[in-house]
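Q: Could you take a close look at one helix in this model for me, and walk me through what surrounds it?

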Amino acid sequence: MENKIKEYRKKKGISQGGLADLCNVSRQTINAIENNKYDPSLQLAFNLAKTLGVTVDDLFLSEGEIEK
């Protein structure tokens, strides 16, 4: 599942370690998610979205995947 976490994280000026601390996970977890090597749990996806000030859809859906 591709995501835009890195893009939103950088816009907020947050490091991987900083985001990890805010979401109570390891920096390695954030790195793995950003590199599409690990799919977060639903709870973590919501935590990431809330921390970054966006929706889960913003983080994980590309525009081509959104049904109109």
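A: Sure, and keep in mind that this is a predicted model. Let's take helix H2, residues 16-23. Its buried residues are Gln 16, Leu 19, Ala 20 and Cys 23. Look down the axis of H2 and those residues fall within an arc of 100 degrees, so they line one face of the helix. That pattern has a simple background: an α-helix has 3.6 residues a turn, so residues three or four places apart point the same way. Flip H2 over, and the face turned away from the buried side carries Asp 21 and Leu 22, which are exposed. Right after H2 comes Asn 24, with a positive phi, near 60 degrees.

What sits on top of the buried face? The cover over the buried residues of H2 includes H1, H3 and helix H4, residues 42-52.

One residue of H2 leads us further inside. Leu 19 is buried, and in the largest nonpolar core, which has 16 residues, Leu 19 is among those that touch the most other members, along with Ile 5, Leu 48, Leu 52 and Leu 59. H1, H2, H3, H4 and helix H5 (56-60) each give two or more residues to this core. H4 gives the most, with five residues. For a feel of how Leu 59 is placed, leave aside residues up to four places away in sequence: its contacts include Ile 5, Tyr 8, Ala 45, Leu 48, Ala 49, Leu 52 and Val 54.

Now for two of the helices that cover H2. H1 (residues 5-11) and H3 (residues 27-34) also meet through charged side chains: Glu 34 and Arg 9 form a salt bridge, 2.6 Å from N to O. Glu 34 lies in H3 and Arg 9 in H1, so this pair ties together parts that are 25 residues apart in sequence. Both Glu 34 and Arg 9 are buried.

The count for the model is two salt bridges, and H1 takes part in the other pair as well: Glu 7 bridges to Lys 11, with the closest N and O atoms 3.6 Å apart. Here both partners lie in H1, four residues apart, or about one turn of the helix. Glu 7 is partly exposed, at 38% relative accessible area, while Lys 11 counts as exposed, at 62%. Put beside that pair, the H1 to H3 bridge has two buried partners.

Key. Residues are numbered from 1 along each chain as its sequence is written. This is a predicted model: local features need pLDDT of at least 70, side-chain atom pairs count only at pLDDT 80 or more; totals for chains, interfaces and linings use all residues. Side-chain values use heavy atoms; hydrogens and water are left out. A salt bridge is a side-chain nitrogen of Lys or Arg within 4 Å of a carboxyl oxygen of Asp or Glu. Buried means under 20% relative accessible area, exposed over 50%, partly exposed in between (1.4 Å probe, protein chains only). The arc is that of the directions from the helix axis to the C-beta atoms. Contact means heavy atoms within 4.5 Å. A nonpolar core is a set of buried Ala, Val, Leu, Ile, Met, Phe, Trp, Tyr and Cys residues joined through side-chain atoms within 4.5 Å.
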